[in-house]
Amino acid sequence: MGYLGQPYYVGLLSAAAIHGSSHQQPMVFQVMTSVPTREVRVGKVAIRFSMNSNIEQMPVAEKQTETGTMRVATPETTAFDLIRYQAGAGHLSNAATVLGELAEHMDARAIVSIAQLVRLPYVQRLGYLLDAVGERELADPLAEWLEAQKQRVVLLRPGEPADGEINRRWHVRPNIELEVDV
């Protein structure tokens, strides 16, 4: 990926699969970068790019490949990306399923440190989903950090009607029903 001459990391479902946590193999190889980049094909593989303006601050890990190394989002970075880029994650129910599997590789302190790099609605939604998949040990430190922030009520799924009762812990209105595969 270095040939692009721009910062990048493997993200979303591709990163989750590398961490051994993707419920479904992604149909495309997903890469985060700092500038808009068109999808490319390399042989039979489609590489789809998503843009993240603070890509250089997001924690990544170097992973060895047959041809060198690649930058891969940490499990915690992957979790936030799954919330932010819902379409690339297969939407929220799939993101929740993947989070349930990814959780065993995640560290609560790392989640809180990344929370400071992203917008609060993503933090709120991630916390809600962590609770939804039974990962309270990861969610509790995030909820504690969030209490000190100026939150507003957010929709679990933006763009959908504002139905459902507000979850007081996360200030999230669950306006869709999650279907989590376990």
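A contact here means heavy atoms within 4.5 Å.

**View 1. The whole chain in this predicted model, by contacts and burial.** Count just the contacts with a separation of 6 or more, and 58% of them link residues 24 or more positions apart. As for burial, 45% of the 182 residues in the protein chain are buried.

**View 2. Six helices and eight strands make up the fold of the protein chain.** Reading from the N terminus, you go through β-α-β-β-β-β-β-α-α-α-α-α-β-β. The radius of gyration is 16 Å, close to the 16 Å from the globule rule for 182 residues, so the chain is as compact as a globular protein of that length. Lay the C-alpha trace along its principal axes and it spans about 50 × 30 × 30 Å.

**View 3. Helix α4, residues 108–115, and its buried residues.** Look for A108, I111, V112, I114 and A115, which are buried. Their arc around the axis is only 165 degrees, which puts them on the same side of α4. What do the buried residues of α4 pack against? Their partners are α2 (75–84), α5 (120–132) and α6 (136–147).

**View 4. Surface and charges of the protein chain.** About 9,500 Å² of the protein chain is accessible surface, and carbon and sulfur atoms own 48% of that. On the charge side, there are 17 positive and 21 negative side chains. Put a marker at the centre of each set, and the two markers sit 8 Å apart.

Terms used
Residues numbered from 1 in each chain as written. Predicted model: local features only at pLDDT ≥ 70, side-chain atom pairs only at ≥ 80, totals over all residues. Heavy atoms only, no water. Helix = DSSP H or I, 4+ residues; strand = E, 2+ residues; numbered from the N terminus. Rg over C-alpha atoms; globule rule 2.2 N^0.38 Å. Buried < 20%, exposed > 50% of the residue type's maximum accessible area, 1.4 Å probe, protein only. Areas by Shrake-Rupley, 256 points an atom, 1.4 Å probe, with all protein chains shown as cover. Lys, Arg positive; Asp, Glu negative; His and termini not counted. Charge placed at Lys NZ, Arg CZ, Asp CG, Glu CD. Arc of directions from axis to C-beta.
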